[in-house]
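Me: I am new to this one. Please show me the structure, and then I will ask about it.

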Amino acid sequence: MALRRTHGLVVVVTGFTLLLAAGCGGETPTATSSASPTALPSTSPSPSPSPSPSPSPSPSPSPSASPTPSKSPTTQPVTEKSYVLQRTSGSSGVALTFDDGPHPTWTPRVLAVLRAKGVKATFCLVGTQVKAHPALVRQIVAEGHTLCNHSWNHEFKLGTWSDAKISSNMRATNNAIHEAVPGAPIRYFRHPGGNWTAAAVRVARSLGMSPLHWTVDPQDWRRPAASTISSRVVKGTRAGGVVLLHDAGGDRAQTLSALPGIISGLRAKYVLIRLPDTL
Ligand SMILES: [Zn+2]
């Protein structure tokens, strides 16, 4: 991915291909973490930080529009982002986030563990799942957790669409959530697969949602052993961290089994918080 700036279009396309093959949350097959809660996107192997080469019908700057199209190897961190992602809980507390639900099998079990441990978390919901299981959305809200929009149907390439289509997708998801829980605050959006683009960030913000990324990804969707998931999270977390987990998208038995250890391990050092509903 080091060549992504000078070969933006090719690498971005390749990146999407890999991500589609990789599954939901994954960017790379390794556990990732960011030591600093204020880290910029350049610290992780995000797939497409360059200006979007999406096939938008509207005029858009080409990837070579940079004022310094140097061909020399990059020696400095990539900082000229056209967008900034939220990669911190906003405080010293650590936020657990659960993606891809609600799921009728796994979400109630995750909620039960969180309830038993007295932990509030954040759930990044998929619109189709919300539509199918509105009672679970009501339960998530009733038990004090924070909501996050995770697209209508987990569209990995959402960010390459036109602003109008991105907005329609995000609003459909929010509308489904509000059909289940009228007036529920939805202050976060997380792009499927972490495939952020400037357009996705821009539209999310225009709808009052912060582009929520993560700082710790234990790759739980790959179904490693529960002990592996737990140790990756505990070792990789720093103050202000945002932990990526999944309560849907496949068999989440390992994630569920890892959860008590994650909670106790993190609580040895940090306060676990839900993300605030006010930005
Ligand atoms: Zn996802």
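Me: Which residues of helix H6 (residues 198-206) are buried?
Reply: This is a predicted model, where local features need pLDDT of at least 70, side-chain atom pairs count only at pLDDT 80 or more, and totals for chains, interfaces and linings use all residues. Residues are numbered from 1 along each chain as its sequence is written. Helices (H or I, at least four residues) and strands (E, at least two) are DSSP runs, numbered from the N terminus. Buried means that 20 or more other C-beta atoms, placed from the backbone, lie within 10 Å of a residue's own; in H6 that gives Ala 199, Ala 200, Val 201, Val 203 and Ala 204.

Me: Which residue just after H6 takes a positive phi?
Reply: The phi there is about 80°. The residue just after H6 is Gly 208.

Me: Where in H8 does a kink lie?
Reply: Helix H8 covers residues 253-267. Its kink is about 35° (the angle between axes fitted to the seven residues ending at a residue and the seven starting there). The proline Pro 260 follows shortly after, and the kink lies at Leu 259.

Me: Which element gives the largest share of the largest nonpolar core?
Reply: A nonpolar core is a set of buried Ala, Val, Leu, Ile, Met, Phe, Trp, Tyr and Cys residues joined through C-beta atoms within 7 Å. The largest has 57 residues, and Phe 123, Leu 125, Cys 148, Ile 177, Ala 200 and Val 243 touch the most other members. The largest share, six residues, comes from H8.

Definitions and conventions. Expected span 1.5 Å × (residues − 1). Buried ≥ 20, exposed ≤ 12 C-beta atoms within 10 Å, placed from the backbone.
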